[in-house]
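Reader: Could you take me through this structure, starting with what kind of model it is?

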Amino acid sequence: MVELVGNMHIHTPYSDGEKWHAQIAEDAIKAGLDFIIVTDHNVWVQGIEGYYQDEHGRVLVLSGEEVHNMRRNPQGSHFLAYGTERELALCAFDPQALINETNAAGGYGFLAHPYELELPLFSESNLGWQDWHVQDFTGLEIWNYMSSFKNALARRLAGLRSKGGLWAKLRIVQVALRPEKYIDGPEPETLAKWDALLAEGKRVAAVGNSDAHGTTFRLGPIERVIYPYEFCFRAVNTHVLIPQELTGDVTQDKRMVLQAIGRGHSWVGYDMAYPTKGFRFSGQGANKGFMGDEITMDVGATLQVKTPVKARIRLICHGRVVAEVNKETNLTHIPVEAGAYRVECYLPFMDKERGWIFSNPIYLR
């Protein structure tokens with residue numbers, strides 16, 4: 001399999017981002033990405049897909065959409081639609097209809113930043129997913145870097161009596177200038193919800209993204225872009241495995257990338273802590289497979305994990321840790337029970353252990 005790294009939650013001036021597609025593509029190339037999917041709010045932008053290149057390389061740029069009901073109060077239930085080839089904003093008022101239309105169009109739909117905290121100081125409501133009665137969505141955005149920033153900031157401000165005082169401003173500056181110091185990993189509530197859905201027997205793929213806007217932050221004399229596109233593209237990404245090298249044919253390559261995303265042939269990597277390139281999670285029973293695949297158990301099965309550097313590796317089934325090693329690059333486990341098995345890896349970074357790799361499951365049947 002061929003490994004690609006991409007980011008699939010990005011905004012331009014078509015909604016609330018600051019840079020246009022060609023500029024964002026330059027930043028993606030600098031960050032070493034192979035593909036990006038731009039997802040402006042309630043607009044599917046035509047005519048921008050293709051390979052963008054400069055003297056440093058090339059990147060495949062695709063168009064998606066972040067759909068949500070603007071009239072909803074409070075706001076929430078944002079939905080990432082990939083590969084639909086058409087506008088879906090008219091379905092925003094009905095989340096289940098939105099999911100159905102995405103599936104009917106041959107696309108893939110993910111619930112964006114499922115768990116968030118309110119941030120009243122910036123008039124930011126909880127934009128997490130509110131409509132958990134829905135069915136048949138492709139998966140969850142388990143790690144959203146800008147949502148992690150918002151939640152880290154909300155927690156830093158939670159204990160202050162006056163959210164607008166000097167201490168609040170200092171804490172805002174601390175998180176704004178050094179997000180990597182305060183962001184540890186996906187929200188525990190998101191991982192717990194993912195495990196609960198998997199335990200129900202559902203196939204739920206996971207992605208991780210930047211939610212890059214390139215917005216300028218101003219606080220008194222301090223002015224800074226929160227956070228630059230290139231910076232975000234070096235943080236949380238989705239690594240996919242496709243069956244062959246990219247061909248340069250946009251239609252064919254787009255199909256391979258989207259199928260890998262939709263089938264869960266991927267993992268979420270915090271590449272800022274250390275590049276996750278080379279991670280693998282595979283299994284063998286009556287047949288062989290890797291992340292996103294279903295493996296039929298024989299007498300049992302064998303699951304194998306390999307990481308690029310030594311880390312704490314945890315094998316998880318329906319929220320329960322079934323195997324764990326520390327400061328190792330390999331884990332092998334022989335399960336005897338069916339279920340959805342996924343991998344979490346943790347790595348020391350900036351004097352603290354951080355979430356590093358979160359794989360999609362292998363489904364043992």
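Author: The turns below treat the model itself, then a helix, a threonine, the cysteines and the empty spaces. This is a predicted model, in which local features need pLDDT of at least 70 and side-chain atom pairs count only at pLDDT 80 or more, while totals for chains, interfaces and linings use all residues. Residues are numbered from 1 along each chain as its sequence is written, and side-chain values use heavy atoms, with hydrogens and water left out.

Reader: Thank you. Which residues are buried in helix α1?

Author: Helix α1 spans residues 21-30, and His21, Ile24, Ala25, Asp27, Ala28 and Ile29 are buried there. Buried means under 20% relative accessible area, exposed over 50%, and partly exposed in between, with a 1.4 Å probe and protein chains only. Helices (H or I, at least four residues) and strands (E, at least two) are DSSP runs, numbered from the N terminus.

Reader: And what covers the buried residues of α1?

Author: The cover includes β2 (35-38), β3 (50-54), β4 (57-67) and α7 (229-233). Just after α1 comes glycine 32, which has a positive phi of about 85 degrees.

Reader: Where is threonine 39 found, and what does it touch?

Author: Threonine 39 sits in the loop between β2 and β3. Leaving aside residues up to four places away in sequence, threonine 39 touches Met8, His9, Ile10, His11, Gly64, Glu65, Glu66, Leu80 and Tyr82. A contact means heavy atoms within 4.5 Å.

Reader: Why does threonine 39 count as buried?

Author: Threonine 39 counts as buried because its relative accessible area is 0%.

Reader: Changing topic, how many disulfides does the structure hold?

Author: The structure holds zero disulfides, a disulfide being a pair of cysteine sulfur atoms within 2.5 Å. Cysteine 345 is in no disulfide, and the nearest cysteine sulfur, that of cysteine 317, is 17 Å away.

Reader: Is cysteine 345 buried or exposed?

Author: Cysteine 345 is buried, with a relative accessible area of 0%. Cysteine 91 is also buried, and its relative accessible area is 15%.

Reader: What about empty space: how many cavities of 30 Å³ or more are there?

Author: The count comes to one cavity of 30 Å³ or more, with about 70 Å³ of space in the largest cavity. Of the 14 residues lining the largest cavity, Ile142, Trp143, Asn144, Ser147 and Glu187 are the closest to its centre. On a 1 Å grid over the protein atoms alone, a cavity is a set of points where a 1.4 Å probe fits but cannot get out, and a pocket is an open set with protein on both sides within 12 Å along at least five of seven lines; lining residues have an atom within 4 Å of a point. Grid points are joined across faces, edges and corners, and a volume is the space filled by probe spheres set on the points.

Reader: Which element gives the largest share of the lining of the largest cavity?

Author: The largest share, four residues, comes from β7.

Reader: And what is the volume of the largest pocket?

Author: The largest pocket has a volume of about 740 Å³. Its lining has 24 residues, with Glu124, Met146, Lys150, His213 and Thr215 nearest its centre. The largest share of this lining, five residues, comes from α3.
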